[in-house]
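Biologist: I have just opened this model and would enjoy a close look at a single part of it. Please pick one strand, tell me how it is placed among its partners, and then show me how the rest of the chain fits around that picture.

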Amino acid sequence: MPVTRIVIATKNPGKIYEIRQILNNSNIDLISLSELPPIPDIEETGTTFEENATLKAEEVFTHFGLPCISDDSGLAVDVLNGEPGIYSSRYAHENASDDENITKLLNELRKFSAPYAAKFVCSTVYYDGLKRISASGEMPGQIITHKKGNNGFGYDPVFMPEGKGKTTAQLTDEEKNAISHRGKALRALIQRLRDESIV
């Protein structure tokens, strides 16, 4: 089957790396937004992960006319009523660093007693101007109060997946991708694209 060229609708180097690792055995030529001419920032005005992923996929397709895979993902903490949720990447403020977001998260959790049940959620969307196909995935676990590990990005140093005994920042790429919300969502999405004979 011929190689399908698809744009990954992100400039986040951590996401780009993970998506390429997860899809490295597929017949897809992945191009990130970092490798294409710049486009205006896409406002994430949706109220759900899927709505935001759809907005990004459709906007990127409009700009480049190429099929697009977009994802929107984040952390949902039970005692915070699902926060930071769709605001995970900008929890502390609009251009917050990972450390700033983690600091705010831990400060908020000090008001409550441990353990802090949480989950990572990911919605992925494929859009090619005609078809829109979506899939989602979750990774349950809990938040710990001190950072551990140097791999990954975002909240990985304070998130301990269910049954692992260490944070996602302490897992190898292969270990993380096998259980992660993004890994589950992308594998489900690719299977749907294969079922539709798109890839």
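Modeller: Happy to! A residue is called buried here when its relative accessible area is under 20%, exposed when that area is over 50%, and partly exposed in between. Please keep in mind that this is a predicted model.

Let us take strand β4, which covers residues 116–127. With the cut-off for burial at under 20%, 10 of the 12 residues in β4 are buried, so the strand is mostly covered.

What lies on either side of it? One partner of β4 is strand β3, residues 68–77. The two pair in the antiparallel sense, over 10 bridges. You can follow one of these bridges by finding Cys68 and looking across to Tyr127, its bridge partner in β4.

The other partner to look at is strand β5, residues 132–143. β5 also runs antiparallel to β4, and 12 bridges join the two. Two of the pairs make good landmarks. Ser123 has Ser136 in β5 as its bridge partner, while Ala118 stands opposite Gly141 in β5. The connection from β4 to β5 is a hairpin, with four residues between the strands. In that turn sits Gly129, whose phi is positive at about 95 degrees.

From β5 you can step on to β6, residues 159–161. Here the pairing is again antiparallel, over three bridges. To find the place, look for Gln142, which stands opposite Met160 in β6.

Beyond β6 comes the loop that leads to α4, residues 173–179, and Gly163 is found in this loop. Is Gly163 buried or exposed? It counts as exposed, because its relative accessibility is 83% and the cut-off for exposed is over 50%. For a sense of distance, compare its position with Ser134: the two are 29 residues apart along the chain, and their C-alpha atoms are separated by 28 Å.

Now for the helices, where three side chains are worth a visit. Start with Lys56 in helix α2, residues 49–64. Lys56 has a relative accessibility of 8%, and therefore counts as buried. What does Lys56 touch, apart from neighbours within four places in sequence? The list is Ala9, Lys15, Ile42, Glu44, Ser70, Asp71 and Asp72. Since strand β3 spans residues 68–77, the last three of these contacts, Ser70, Asp71 and Asp72, lead you back to the strand that pairs with β4.

Phe64 is also placed in helix α2. Its relative accessible area is 22%, so Phe64 is partly exposed. Leaving aside neighbours within four places, Phe64 is in contact with Leu33, Leu36, Pro37 and Ile39. Of these, Ile39 lies 25 residues away along the chain, with 9.6 Å between the two C-alpha atoms.

Helix α1, residues 13–22, holds Arg20. This residue is partly exposed, with a relative accessible area of 31%. Not counting residues up to four places away, Arg20 touches Ile8, Leu30, Ile31, Ser32 and Glu35. Arg20 and Ile8 are 12 residues apart in sequence and 9.4 Å apart in space, C-alpha to C-alpha.

Finally, step back to the whole protein. There are five helices and six strands, and along the sequence they follow the pattern β-α-β-α-β-α-β-β-β-α-α. A compact globule of 199 residues would have a radius of gyration near 16 Å, and the 17 Å of this protein agrees with that. The C-alpha trace spans about 50 × 30 × 25 Å along its principal axes.

Of the 199 residues, 48% count as buried. Among contacts with a separation of 6 or more, 59% are between residues 24 or more positions apart. The accessible surface comes to about 10000 Å², and 47% of it belongs to carbon and sulfur atoms. As for charge, there are 22 positive and 28 negative ones, and their mean positions are 4 Å apart.

Conventions. Residues are numbered from 1 along each chain as its sequence is written. This is a predicted model: local features need pLDDT of at least 70, side-chain atom pairs count only at pLDDT 80 or more; totals for chains, interfaces and linings use all residues. Side-chain values use heavy atoms; hydrogens and water are left out. Buried means under 20% relative accessible area, exposed over 50%, partly exposed in between (1.4 Å probe, protein chains only). Two strands pair if DSSP finds at least two bridges between them. The radius of gyration is taken over C-alpha atoms; the globule rule is 2.2 Å times the number of residues to the power 0.38. Contact means heavy atoms within 4.5 Å. Accessible areas come from the Shrake-Rupley method with a 1.4 Å probe; for residues, only the protein chains shown count as cover. Lys and Arg count as positive and Asp and Glu as negative; His and the chain ends are not counted. The place of a charge is taken as NZ of Lys, CZ of Arg, CG of Asp or CD of Glu.
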